[in-house]
Amino acid sequence: MAGLDEIEAGLNSVEAHAYAYDLFTNDSKFNSVLEGIESGNADWIRIGKHLEQYSDGGMATDLAISFAKAVQSNPSYSLSVMSDYEVWWSCSVPLLEPTKAEFDSFIESTIIALEKLDDIKVFEKQKSCLDALEKARNFSENEWPDNI
């Protein structure tokens, strides 16, 4: 597993872009980053936000999904570092080809985490996230295609 200090040093180097690409192509190290973000650990989320500036395509998608999952683990910090667009996207269930059960589980887990949150600093983002999750839940209950 890649350590925080190692990754931070690589992302702060003059070769940060190349380091980020190498990190992404090393499944073991990149998966460690994603797992760290998903755990809600503020240091890993901060590293992920730093890594985001060097990402595109698959890396950006993987990071975004991990940030969405981090909302379940550490909603206060996760929402605090997200832009309004990132909050909307993260709370719109950004999973790749989920089953209905995975989709519904993501919604319920995120709602539970957000309903426990009592942080005035992220109140507007919390409300925005809950609104997006309710729209997703409505889709799942009323419009989910049988063939997915």
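Which residues line the largest pocket? In this predicted model, the lining consists of Lys-49, Glu-52, Ala-60, Ala-64, Phe-67, Met-82, Tyr-85, Glu-86, Trp-89 and Ser-90.

**The pocket**

The space in the largest pocket comes to about 160 Å³. Three elements each give two or more residues to its lining: α4 (42–52), α5 (57–73) and α7 (84–90). The biggest contribution is that of α7, with 4 residues. Sorted by class, the lining of the largest pocket holds 6 nonpolar, 1 polar and 3 charged residues.

**Confidence**

The protein chain has a mean pLDDT of 93, and 97% of its residues reach 70 or more. Helix α1 (residues 4–11) has the lowest confidence, with a mean of 92, while helix α6 (residues 75–81) has the highest, at 97. As a general caution, predicted coordinates should not be read in detail where pLDDT is low.

**The nonpolar core**

In soluble globular proteins, nonpolar side chains tend to be buried together. The largest nonpolar core here has 40 residues. Those that touch the most other members are Ile-7, Leu-11, Ile-37, Leu-51, Leu-63, Leu-79 and Leu-133. At least two residues of this core come from each of α1, α2 (16–25), α3 (27–38), α4, α5, α8 and α9 (123–142). Helix α5 gives the most, with 7 residues; α5 also appears among the elements that line the largest pocket.

Leu-11 can be followed in detail. Leaving aside residues up to four places away in sequence, Leu-11 touches Ala-16, Tyr-19, Ala-20, Ile-47, His-50, Leu-51 and Tyr-54. One of these contacts, Leu-51, is likewise listed with the core residues that touch the most other members.

**Two residues with positive phi**

Most residues other than glycine have a negative phi. Val-93 has a positive value although it is not a glycine, and the same is said of Glu-97. Val-93 is found in the loop between α7 and α8 (100–115), and Glu-97 also lies in the loop between α7 and α8.

| Residue | Phi | Relative accessibility |
|---|---|---|
| Val-93 | about 60 degrees | 7% |
| Glu-97 | about 50 degrees | 77% |

Is Val-93 buried or exposed? Val-93 counts as buried because its relative accessibility is 7%, and the cut-off for buried is under 20%. Glu-97, with a relative accessible area of 77%, is exposed, as the cut-off for that class is over 50%.

Methods
Residues are numbered from 1 along each chain as its sequence is written. This is a predicted model: local features need pLDDT of at least 70, side-chain atom pairs count only at pLDDT 80 or more; totals for chains, interfaces and linings use all residues. Side-chain values use heavy atoms; hydrogens and water are left out. On a 1 Å grid over the protein atoms alone, a cavity is a set of points where a 1.4 Å probe fits but cannot get out, and a pocket is an open set with protein on both sides within 12 Å along at least five of seven lines; lining residues have an atom within 4 Å of a point. Grid points are joined across faces, edges and corners, and a volume is the space filled by probe spheres set on the points. Ala, Val, Leu, Ile, Met, Phe, Trp, Tyr, Cys and Pro count as nonpolar, Asp, Glu, Lys and Arg as charged, and the others, Gly among them, as polar. pLDDT is the predictor's confidence in each residue, from 0 to 100. Buried means under 20% relative accessible area, exposed over 50%, partly exposed in between (1.4 Å probe, protein chains only). A nonpolar core is a set of buried Ala, Val, Leu, Ile, Met, Phe, Trp, Tyr and Cys residues joined through side-chain atoms within 4.5 Å. Contact means heavy atoms within 4.5 Å.
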